[in-house]
Amino acid sequence: MQHLDHEVSRIIEMAWEDRTPFEAINQQFGLNEKNVIALMREQLTSSSFKLWRKRVSGRQSKHIKLRHPDILRGYCKTQYNHR
């Protein structure tokens with residue numbers, strides 16, 4: 001599946017966000033976790049990809065099923081506040 005440049009940028013941004021689960025990326029862009037990993041490997045430098053994989057591996061907030069049930073949002077409340 002081909003994505004436009006701005007969509008690829010948004011997918012990468014969502015993948016880096018701690019509280020955005022892979023399921024949200026799948027719902028919005030049709031990419032499952034395996035596809036997101038492939039896209040990140042393709043789009044990032046090798047060192048950035050390794051940093052990202054280390055960051056998201058085992059992170060509960062990246063998977064809805066592993067999240068605490070009290071977490072209902074996909075991002076920090078202050079994440080998108082304009083200053």
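This report walks through the confidence, one loop and the nonpolar core of a predicted protein model.

## Confidence in the model

Let's begin with how far the prediction can be trusted. The mean pLDDT of the protein is 81, with 67% of its residues at 70 or more. Among the helices, confidence is lowest in α2 (residues 22–29), where the mean is 92. Helix α3 (residues 33–43) has the highest, at 96.

## The loop between α1 and α2

Two residues are worth a look here. Glu17 sits in the loop between α1 (5–16) and α2, and Thr20 lies in the loop between α1 and α2 as well. Are they buried or exposed? Glu17 has a relative accessible area of 10%, under the 20% cut-off, so it counts as buried. Thr20 is also buried, at 5% relative accessibility.

The side chains of Glu17 and Thr20 make a polar contact with each other, at 2.5 Å. Glu17 also has a distant partner in sequence to check on your screen: Val56 is 39 residues away along the chain, yet the two C-alpha atoms are 9.2 Å apart in space.

## The nonpolar core

Now for the interior. The largest nonpolar core has 17 residues, and those touching the most other members are Ile25, Val36, Leu39, Met40 and Trp52. Helices α1, α2, α3 and α4 (46–56) each supply at least two residues of this core. The largest share, 5 residues, comes from α1. In soluble globular proteins, nonpolar side chains tend to be buried together.

Met40 makes a handy starting point for exploring this region. Leaving aside neighbours within four places in sequence, Met40 is in contact with Ile12, Ala15, Trp16, Phe49 and Trp52.

Definitions and conventions. Residues numbered from 1 in each chain as written. Predicted model: local features only at pLDDT ≥ 70, side-chain atom pairs only at ≥ 80, totals over all residues. Heavy atoms only, no water. pLDDT = per-residue confidence, 0-100. Helix = DSSP H or I, 4+ residues; strand = E, 2+ residues; numbered from the N terminus. Buried < 20%, exposed > 50% of the residue type's maximum accessible area, 1.4 Å probe, protein only. Polar contact = N/O pair within 3.5 Å; in protein donor to acceptor, adjacent residues only side chain to side chain. Core = buried A, V, L, I, M, F, W, Y, C linked by side-chain atoms within 4.5 Å. Contact = heavy atoms within 4.5 Å.
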